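Please look over the sequence and the 3D structure shown here before reading on.

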Amino acid sequence: MNGHWGVGRAIFGGNETLEVPCSVDIERTADSFHAYAVPEDVFLNPGDQVIVHGTTGRVEFGERYTFETSATVIRANAFQRFWTQWVAIFELTELYHCGFEAREGT
């Protein structure tokens, strides 16, 4: 066998991994509570996974950290991309349910 599995590997297995630089911004203050990790030099597709290396374990109240580190991007195969997009449609429709019923006793 020459190492190529053809269509089966492209659909069901053989995830590609990439090591990329990553910008991290973590803040825990009265104004903002967020954590952003932005992998650089790579376009993320649905279903891709990002593992950020070298992050801090705990951020105390009033602190903000901004630093550069590395990340591993695990590419989703065709089936994983399809499944992620399919499931996202149903999760999005949950946002459509809003409560506009009149209050009782008014």
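The paragraphs below deal with a helix, an aromatic pair and a residue in a strand.

This is a predicted model, in which local features need pLDDT of at least 70 and side-chain atom pairs count only at pLDDT 80 or more, while totals for chains, interfaces and linings use all residues. Residues are numbered from 1 along each chain as its sequence is written, and side-chain values use heavy atoms, with hydrogens and water left out.

Helix 2 covers residues 78–93; helices (H or I, at least four residues) and strands (E, at least two) are DSSP runs, numbered from the N terminus. The expected span of a helix is 1.5 Å times one less than its number of residues. For the 16 residues of helix 2 this gives 22 Å, which agrees with the 24 Å between its end C-alpha atoms. At the start of helix 2, a side-chain oxygen of N77 comes to within 3.2 Å of the backbone nitrogen of F79.

The structure has one aromatic pair. Its members, F82 and W86, are stacked because their ring centres are 6.3 Å apart and their planes lie at 15°. Rings of Phe, Tyr and Trp (its six-membered ring) pair if their centres lie within 6.5 Å, and planes under 30 degrees apart count as stacked, over 60 as edge-to-face and the rest as tilted. Both residues sit in helix 2, four residues apart, about one turn of the helix. F82 is partly exposed at 46% relative accessibility, and W86 is partly exposed at 42%.

D25, in strand 1 (residues 17–28), is buried at 15% relative accessible area. Buried means under 20%, exposed over 50%, and partly exposed in between (1.4 Å probe, protein chains only).

Key:
A polar contact is a pair of N or O atoms within 3.5 Å; within protein, one must be able to donate a hydrogen and the other to accept it, and residues adjacent in sequence count only if both atoms are side-chain atoms.
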